[in-house]
Amino acid sequence: MNSRFRPDYQAPSRIEIDALLARSSLAELLAQAAALRDRGHGPLLSYSRKVFIPLTHLCRDVCHYCTFATTPSRIAKPFMTPDEVLEIARQGATAGCHEALFTLGDKPELRYEVARRALAELGHATTLEYLVAMARLVFEETGLLPHLNPGVMARDELAAGRAVSVSQGIMLESSAARLGAKGGPHHGSPDKVPQVRLDCIAAAGELAIPFTSGILIGIGETRAERIDSLFALRDLHERHGHLQEIIIQNFRAKPGTRMAGAPDATLEELLWTIAAARLIFGPAMNLQTPPNLNDGSLAQLIAAGINDWGGVSPVTPDFVNPEKPWPHLEDLARQTAAAGKLLVERLPLYPAHTRDLAAWQTPAMATAVRRAMDSDGLARRDAWSPGMGEPPTFDTLREGWQTAPPPPTRELTALIARAVRGERLDEAEIVRLFRARGAEFSAVCEAADALRAEQCGEVVSYAVNRNINYTNICLHACSFCAFSKGKTHDDLRGKPYVLDLDEIANRTREAWARGATEVCMQGGIHPDYTGETYLDICRAVKAAVPEIHIHAFSPLEVTQGARTLGLSLKDYLARLKDAGLATLPGTAAEILDDEVRAIICPDKVNTGEWLDVMETAHGLGLRSTATIMFGHLDRPEHWARHLLRIRDLQVRTGGFTEFVPLPFVHMEAPVYRRGDARRGPTFREAVLMHAVARLVFHPVITNIQTSWVKMGIEGAKACLRAGANDLGGTLMNESISRAAGAKHGQEMTAASMERLIRELGRVPCQRTTLYGDAPARLVAVVAE
């Protein structure tokens with residue numbers, strides 16, 4: 001549950017920090033801070049697309065620099081009404097925002113009778129009670145993810161807010177109690193007592209609330225007091241791991257305040273403090289500085305070690321700093337790119353805290369976050385999902401911006417070069433490839449496509465085959481599967497069925513007559529099936545069409561068949577081969593990592609068992625495909641482990657004919673319907689799986705297949721431009737993806753496949769299962 005520091009980083013002590021700050025020039029500090037930031041966040045710089053909801057401008061505190069808080073005589077009414085709150089929230093949702101930021105004055109009812117009366121009329125006793133109601137309203141009506149920033153909260157108030165928000169926050173501002181003395185900026189403000197605020201932050205940690213805090217510089221504190229404040233926050237984070245961002249905000253004097261004549265915090269002081277914060281908190285922490293307060297200096301802020309711009313609204317102004325409008329997002333992307341970083345959107349919950357949503361969120365909030373995020377925990381900006389039937393519209397190459405992205409880093413370029421040389425990359429290096437965005441995404445895809453051209457030429461192959469799913473009754477309860485039917489799946493599409501041997505034989509003869517070279521046979525694990533069932537199926541197919549290739553039975557069926565007959569894997573696979581089995585599909589692999597399998601398919605074969613079946617089959621001369629089913633609750637590190645396990649087995653056996661990425665189709669999947677999975681991979685992730693696979697498997701697996709059923713026509717084309725060289729089969733009766741909600745049809749004719757291939761300027765070639773040329777007679781049948 002703890003996301004304190006990277007395991008490879010030793011947080012410096014106060015003595016070490018003081019010594020470092022004393023001996024280093026500003027330029028040296030900035031360089032060290034930027035290097036640390038890059039270790040933790042690479043080439044990305046994030047922001048949150050938000051809508052700002054100022055629930056009330058009344059406050060019991062009287063901070064001497066604040067223009068947000070006012071008095072009852074200066075406003076039309078004490079609180080926004082529910083209708084007004086919803087109107088702003090709906091504008092934000094329409095503008096593509098993910099975050100609803102609630103900012104308000106601290107407990108105004110404790111100071112103003114008018115606030116107490118207004119709350120009573122609204123049906124609430126306290127401002128925080130009304131805040132909880134409005135956050136719930138916004139979440140339920142618009143789907144925006146609330147972030148609450150109401151000032152000091154007691155433990156029960158924090159807990160109430162946790163139920164209706166994904167994150168909360170309060171600025172420490174400063175741990176220097178002297179700033180509250182007479183003449184100080186916090187005099188007369190009981191909620192600005194440092195220990196009160198630290199106690200609130202600590203209580204949030206105890207309640208596992210992802211939390212925002214930070215410091216305000218230039219209000220009379222010393223540099224040493226800033227370091228005190230940062231260490232006070234770090235101590236709380238070390239205890240609870242809940243601080244997801246630290247804001248370093250610079251004071252700007254505002255007309256009409258008691259500090260209107262005070263000097264602004266200088267840029268040098270801001271840069272020094274940002275660098276110090278990065279050195280104190282290390283590479284993993286998110287450091288933020290508001291861009292609208294520092295127009296013209298954004299590149300310098302980046303050079304100081306920040307990795308986040310905070311919330312930026314395309315709809316509402318910055319009510320706390322109304323004289324400083326938000327930068328236009330496109331301009332922010334341009335300035336960020338000019339400084340060598342790619343601007344990416346995040347959620348109000350940062351990626352590190354999305355890794356264990358059960359620990360940090362209520363079930364309802366966890367579901368909402370999953371459906372809004374990608375595999376890295378960043379905001380999902382494209383509407384595309386596998387099987388939806390819609391072409392991708394999001395500009396993946398530019399990450400949605402008109403601005404050209406910065407060039408790939410030297411680190412990524414070196415990784416690509418090593419993969420092209422055929423070197424085995426490790427897990428962290430493969431994860432880095434999967435996290436490529438913008439120009440780096442293009443670089444990975446282009447390298448994979450060049451490697452494809454070198455290995456496979458301009459030929460795109462496909463097979464004419466028929467899928468025969470002989471039963472959808474299954475004793476397993478894989479949470480991603482909408483195909484199988486059992487007592488827990490009665491509400492899913494389709495009725496339970498079993499094909500008898502005569503029907504399987506008839507479908508085989510039909511397939512042969514239509515030019516198929518292969519029947520691909522899989523099904524549920526029927527409780528009445530034994531190893532003899534699968535042998536009988538093979539015999540029935542071979543009796544019907546002796547020449548046809550049988551591609552059938554995943555390691556799950558093989559394991560079940562061997563167990564029910566009391567045979568070893570080797571002996572049972574030998575009997576299947578004698579009965580006519582020619583190759584095995586690489587399904588049931590899902591994700592070859594038992595951390596994931598324990599959740600999505602706990603009663604299925606585990607990683608070691610899957611690999612054992614395949615190694616045994618390869619040893620008997622039975623080749624197989626390899627697959628990955630990704631984009632549900634898995635992450636890039638799971639994908640990397642999966643690819644490495646496939647690669648390492650291929651080095652030993654050479655038995656895999658191809659690798660087939662299978663993007664998760666979410667619509668009818670039980671795991672999605674109950675809120676525990678994402679909406680499949682994003683388009684970027686789906687295309688990258690093909691490209692990264694080409695690079696990682698070089699030179700041991702040369703065929704990378706794309707699934708037109710799951711990717712769609714335009715998606716398949718994109719994958720064929722990113723390292724894939726095979727379109728798979730025509731299928732004739734594909735039903736598993738359809739059961740999950742895919743809309744791309746049950747068959748693509750050979751003519752349609754060839755047209756798609758030629759549109760890319762490639763050469764179509766009908767193949768056999770083992771990548772030989774299809775028999776001339778069957779090619780002729782297909783052409784008729």
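How many disulfides does the structure hold? The number is zero. I shall come back to the cysteines shortly; please keep in mind throughout that this is a predicted model.

Let me begin with the chain as a whole. Its secondary structure amounts to 29 helices and 18 strands. Along the principal axes, the C-alpha trace spans about 95 × 55 × 45 Å. A compact globule of 784 residues would have a radius of gyration near 28 Å, and the chain, at 30 Å, agrees with that. Of the 784 residues, 62% are buried. Contacts across the sequence are well represented: among contacts with a separation of 6 or more, 78% join residues 24 or more positions apart.

As for the surface, the chain exposes about 28000 Å², and 53% of that area is supplied by carbon and sulfur atoms. The chain carries 87 positive and 93 negative charges, and the mean positions of the two sets lie 1 Å apart.

I return now to the cysteines. A disulfide is a covalent bond between the sulfur atoms of two cysteines. Why is Cys538 not bonded to Cys520? The sulfur of Cys520 is the closest cysteine sulfur to that of Cys538, yet the two are 12 Å apart, which is too far for a bond. Cys538 is also buried, with a relative accessible area of 0%. Cys719 is likewise in no disulfide, since its nearest cysteine sulfur, in Cys445, is 8.5 Å away, and the cut-off for such a pair is 2.5 Å. Cys719, too, counts as buried, at 0% relative accessibility.

The next element is helix H19, which comprises residues 555-565. Is this helix mostly covered or mostly uncovered? It is mostly covered, with eight of its 11 residues buried. Those residues are Pro555, Leu556, Glu557, Val558, Thr559, Gln560, Gly561 and Ala562. What covers them? The cover includes two strands, S12 (518-522) and S14 (581-584), together with helices H18 (531-544), H20 (569-579) and H22 (607-619). After H19 comes Gly566, with a positive phi near 70°.

That brings me to the backbone. Most residues other than glycine have a negative phi, and most peptide bonds are trans. Three places in this chain deserve attention on that account.

The first topic is a peptide bond. From His698 to Pro699 the bond is cis, with omega near 5°. Pro699 sits in the loop that links helix H25 (683-697) to helix H26 (708-720).

Then there are two residues with positive phi. Lys107 is not a glycine, yet its phi is positive, at about 40°. Lys107 belongs to the loop between S2 and helix H4 (113-122), and it is buried, with a relative accessible area of 14%. Glu173 is not a glycine either, and its phi is positive at about 70°. Glu173 is placed in the loop between strand S4 (167-169) and helix H7 (194-206). With a relative accessible area of 10%, Glu173 is buried.

The loop between S4 and H7 also contains His187. Is His187 buried or partly exposed? His187 counts as partly exposed, at 33% relative accessibility. Leaving aside residues up to four places away in sequence, His187 touches Val62, His64, Leu179, Gly180, Ala181 and Lys182. His187 and Ala404 are 217 residues apart in sequence, and their C-alpha atoms are 49 Å apart in space.

Ala95 offers a useful counterpart. It is located in the loop between helix H3 (82-94) and strand S2 (99-103), and it is partly exposed, at 29% relative accessibility. What does Ala95 touch, when residues up to four places away in sequence are not counted? Its partners are Arg49, Pro314 and Val315. Ala95 and Val315 are 220 residues apart along the chain, while their C-alpha atoms are separated by 7.3 Å.

To close, I would set those last two pairs side by side. For Ala95 and Val315, 220 residues of chain go with a C-alpha separation of 7.3 Å. For His187 and Ala404, 217 residues of sequence go with 49 Å. Thank you for your attention.

Note on methods: Residues numbered from 1 in each chain as written. Predicted model: local features only at pLDDT ≥ 70, side-chain atom pairs only at ≥ 80, totals over all residues. Heavy atoms only, no water. Helix = DSSP H or I, 4+ residues; strand = E, 2+ residues; numbered from the N terminus. Rg over C-alpha atoms; globule rule 2.2 N^0.38 Å. Buried < 20%, exposed > 50% of the residue type's maximum accessible area, 1.4 Å probe, protein only. Contact = heavy atoms within 4.5 Å. Areas by Shrake-Rupley, 256 points an atom, 1.4 Å probe, with all protein chains shown as cover. Lys, Arg positive; Asp, Glu negative; His and termini not counted. Charge placed at Lys NZ, Arg CZ, Asp CG, Glu CD.
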